[in-house]
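Colleague: I am new to this structure and would be glad of a guided look at one part of it. Could you take me through the interior and then outwards from there?

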Amino acid sequence: MKNSLIICLLLVAVSSFAQQKKWTLQECVDYALENNISIKQSSLDIEISEENITSAKGNFLPNVSGSTSGNFNFGSYLGQDGSRISSNTFGSNLSLNVGVTLFNGYRNTNLYKQAKLGLKSSELQFQKLKDDISLYVVNSYLNALLSKENYKIAEDQVKVTQQQINNIQTLVDEGVNPKSDLYNVQAQLASNNEQLITAQNGIDLALLNLAQLLQIPHSGFDIEDVTFNLSSAELAYENTDKIFNKAVQDRPEIKAAEINIENSELDIELAKAAFFPTVSLGGGLGTSYQHTLGEKDRRTIIDPNTGMVSSIPNGFGKQFDDNLGYNIGVSVSIPIFNGNRTRSSVDRAIISNKRVAFGLEQAKQDLLSTIENAYLDARAALNQYRASEASLTAQEEAFRAAQESYNYGAMTSFEFEQVRNRLISAQSTLANSKFNFVFKTKLLEFYYGIPITLE
């Protein structure tokens, strides 16, 4: 009973800790890279590629095979003197064969090179997937931070409206303002509370999306708040040339396209291998045993000097030893004509090589387009942030003036709400532009090879 109570307390403590823990961006990225199912599957592709290398190495090793057989023979057969002999016999055979390919147009060598390229390609695909997952996590994390900031904006508006109600209540009690003004502000408070609930739902949805991306339970999941200092927001790069020149050397998708070209060149050599002869070396040994059922294993011999006939034991071991034979040989297979199929295979491989070369150029073009779009998006996000910042400053001044006028009864509640709605819109626009600018600049850093952090 006591142990059960301790276990329950520990479970409660662990559960409480899990709910209080707030995940940092680095923790989210690290967890996703370690536990994401797609990444785990991709890591298995690397293991398969490693096994392919082992298999390709095996092509250089000799093939060794052994065989044995046993059979019973029933019925009759003709003897050496022409008479029919009826007997039942048992026989067995044992053989061991070894063969090794000495030359096959360098086919085995090129297959081994392709296997090693396959491993590199799998590793690059693995890195590309990790990069994509990291970007997804960063984007989801920033969306969650944006949702939290929108919640703060909605929460502040509830506080402002509540203060308005207190002020209007005083003015109504003193007979300065009609009671309808109080009703209008109370209606506005209900609307603000509704917006606050919507903002909370936005947080819940954003955290759910991030938790699902991490593939963890979303109950109690939360992230660390991050404060961005954008007092001197600037783009770190004057143009895309520096980013592209760095990315084209480091990005896994470009390296993978280059490997595809190497692999297609090896395909050409493999196709040409069919023009060359194949030289193989083989050897083996074999022996046999024969036994007539119902008789002893003996062998008749004739003395060449005296002509006397006698028999000697001829058992299993004796026969296997006497019948043991060896063989060794070299075989050469020379291709002469196969309906131009080999030539056609070579031509197809050459065409495929040209196609793959275009694939590298396309990969570079896609990377350049992605970087250029990201750069223009970042520049547009910076301009939007600066404009939103200036707009918010103006709207805050207008709101302070309107609030003062409203408190003194010089402005109707409708007019005041118009000013406040513009302020809320400016605050939301600034929040969106800020997080958009942060993500776009981090994206540029990512393509330049800088790890993504929110510091």
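How many residues does the largest nonpolar core have, and which of them have the most contacts inside it?

Modeller: Happy to help, with a short note on the model beforehand. This is a predicted model, in which local features need pLDDT of at least 70 and side-chain atom pairs count only at pLDDT 80 or more, while totals for chains, interfaces and linings use all residues. Residues are numbered from 1 along each chain as its sequence is written, and side-chain values use heavy atoms, with hydrogens and water left out.

Now to your question. The largest nonpolar core has 59 residues, and V137, L142, L214 and F221 are those with the most contacts inside it. A nonpolar core here is a set of buried Ala, Val, Leu, Ile, Met, Phe, Trp, Tyr and Cys residues joined through side-chain atoms within 4.5 Å. Buried means under 20% relative accessible area, exposed means over 50%, and partly exposed lies in between (1.4 Å probe, protein chains only). In soluble globular proteins, nonpolar side chains tend to be buried together.

Where do these residues come from? At least two residues each are supplied by α2 (25-35), α3 (37-58), α4, α5, α6, α7 (252-272), α9 (341-407) and α10. The largest share, 13 residues, comes from α4. Helices (H or I, at least four residues) and strands (E, at least two) are DSSP runs, numbered from the N terminus.

L214 is a good place to zoom in. Not counting residues up to four places away in sequence, L214 touches W23, C28, Y31, A32, V137 and F221, where contact means heavy atoms within 4.5 Å. There is also a second, separate core of 23 residues, which includes L182, V185, Y406 and F416.

V185 leads us to T161, a residue of helix α4. Leaving aside neighbours within four places in sequence, T161 is in contact with V185, Q188, L189, N192 and R420. T161 counts as buried because its relative accessible area is 0%.

R420, in helix α10 (residues 413-448), is buried too, since its relative accessible area is 0%. Beyond four places in sequence, R420 touches Q157, V160, T161, Q164, Q188, N192 and F399. The side chain of R420 also makes a polar contact with the side chain of E417 at 3.1 Å; such a contact is a pair of N or O atoms within 3.5 Å, and within protein one must be able to donate a hydrogen and the other to accept it, with residues adjacent in sequence counting only if both atoms are side-chain atoms.

Moving outwards, Q215 lies in the loop between α5 (179-214) and α6 (241-250). Q215 counts as partly exposed because its relative accessibility is 38%. Its phi is near 60 degrees, a positive value in a residue other than glycine.

Y106, in the loop between β4 and α4 (107-173), also has a positive phi, near 65 degrees. Y106 is exposed, as its relative accessible area is 53%.
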